[in-house]
Amino acid sequence: MNKRKQSLIDIGWREWISLTEFNDFYLKAKIDTGATMSALHATHIKEYDSKGSKYVKFRLHQSKTYKLIKKPIIGYKTIKSSFGKKQMRPLINISIKIGDCVIDTVITLTRRSRMTYPVLIGRSSLGKNYRINPKRSYLNGKNKPNSKWILQFFQEIEIYTQQIDFITL
């Protein structure tokens with residue numbers, strides 16, 4: 001029995017992502033196959049204990065807006081930055097959306113203010129579901145419509161048009 005290969009999702013070397021848990025807060029992301037872990041630029045990072053568990057609160061910025069976020073810390077990871085410096089970072093679970101696909105992933109929090117993109121998406125978040133085009137950007141746009149939704153929309157228009165034609169006969 002042949003297993004049908006799942007089709008890959010095409011993405012550019014940079015994409016808009018949204019954080020589904022936070023009213024689809026949009027951020028620009030760089031897709032980096034050289035990085036294992038994903039990283040999120042955060043400011044005002046404060047760790048605290050609540051009811052025996054560790055939490056972190058932080059701000060996410062995009063242009064002139066920001067979101068204040070509180071998440072449980074699931075662990076820590078020592079990351080060697082692109083500058084060669086080692087840093088212990090908190091890990092959180094987060095859902096990100098690229099185009100129509102939602103990815104539940106683990107991401108590190110760090111200050112990326114010197115970086116062009118506030119989010120770095122690494123291999124562990126992408127898995128084997130994506131094909132990255134290194135020459136293209138923003139293939140999925142901010143709100144690329146779902147093709148199934150478009151098909152359903154046109155089918156409903158066709159049904160509606162048929163009903164109007166029937167009534168006018």
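Two strands count as paired if DSSP finds at least two bridges between them. By this rule, strand β6, residues 53-62, pairs with β7 in this predicted model. The two are joined by 8 bridges and run antiparallel. Within β6 and β7, F58 stands opposite I69, a residue of β7.

This pair belongs to an open sheet of 3 strands. The order is β5-β6-β7, and the pairing is antiparallel. Strands β5 (43-50) and β7 (65-72) stand at the edges. Each has a single partner strand, so one side of each is left without a neighbour in the sheet. From one strand to the next, the twist averages 20°.

The sheet is part of a chain of 169 residues. In the protein chain, the secondary structure comes to 2 helices and 12 strands. Read along the sequence, the pattern is β-β-β-β-β-β-β-β-β-β-β-α-β-α. Of the residues of the chain, 34% count as buried. Contacts between residues at least 6 apart in sequence were also examined. Among these, 56% join residues at least 24 apart.

One buried position is S38. This residue lies in strand β4, which spans residues 38-41. The relative accessible area of S38 is 1%. Buried means under 20%, so S38 falls within that class. Which residues, beyond the neighbours within four places in sequence, are in contact with S38? They are V106, I107, T108, L120, I121, G122, S124 and S125. With S125, the side chain of S38 also makes a polar contact of 2.6 Å.

Strand β4 also contributes to the largest pocket. About 740 Å³ of space lies in this pocket. It is lined by 30 residues. The closest to the centre of the pocket are S81, S82, R89, R112 and M115. Which elements give two or more residues to the lining? They are β4, β8 (75-80), β9 (86-98) and β10 (101-110). The largest share comes from β9, with 4 residues.

In outline, the model holds an open sheet in the order β5-β6-β7. It also holds a buried serine, S38, in contact with residues including V106 and S125. The largest pocket takes lining residues from β4, β8, β9 and β10, among other sources.

Key:
Residues are numbered from 1 along each chain as its sequence is written. This is a predicted model: local features need pLDDT of at least 70, side-chain atom pairs count only at pLDDT 80 or more; totals for chains, interfaces and linings use all residues. Side-chain values use heavy atoms; hydrogens and water are left out. Axes are lines fitted to C-alpha atoms, for helices over the stretch in contact, and angles run from 0 to 180 degrees between N-to-C directions. Buried means under 20% relative accessible area, exposed over 50%, partly exposed in between (1.4 Å probe, protein chains only). A polar contact is a pair of N or O atoms within 3.5 Å; within protein, one must be able to donate a hydrogen and the other to accept it, and residues adjacent in sequence count only if both atoms are side-chain atoms. Contact means heavy atoms within 4.5 Å. On a 1 Å grid over the protein atoms alone, a cavity is a set of points where a 1.4 Å probe fits but cannot get out, and a pocket is an open set with protein on both sides within 12 Å along at least five of seven lines; lining residues have an atom within 4 Å of a point. Grid points are joined across faces, edges and corners, and a volume is the space filled by probe spheres set on the points.
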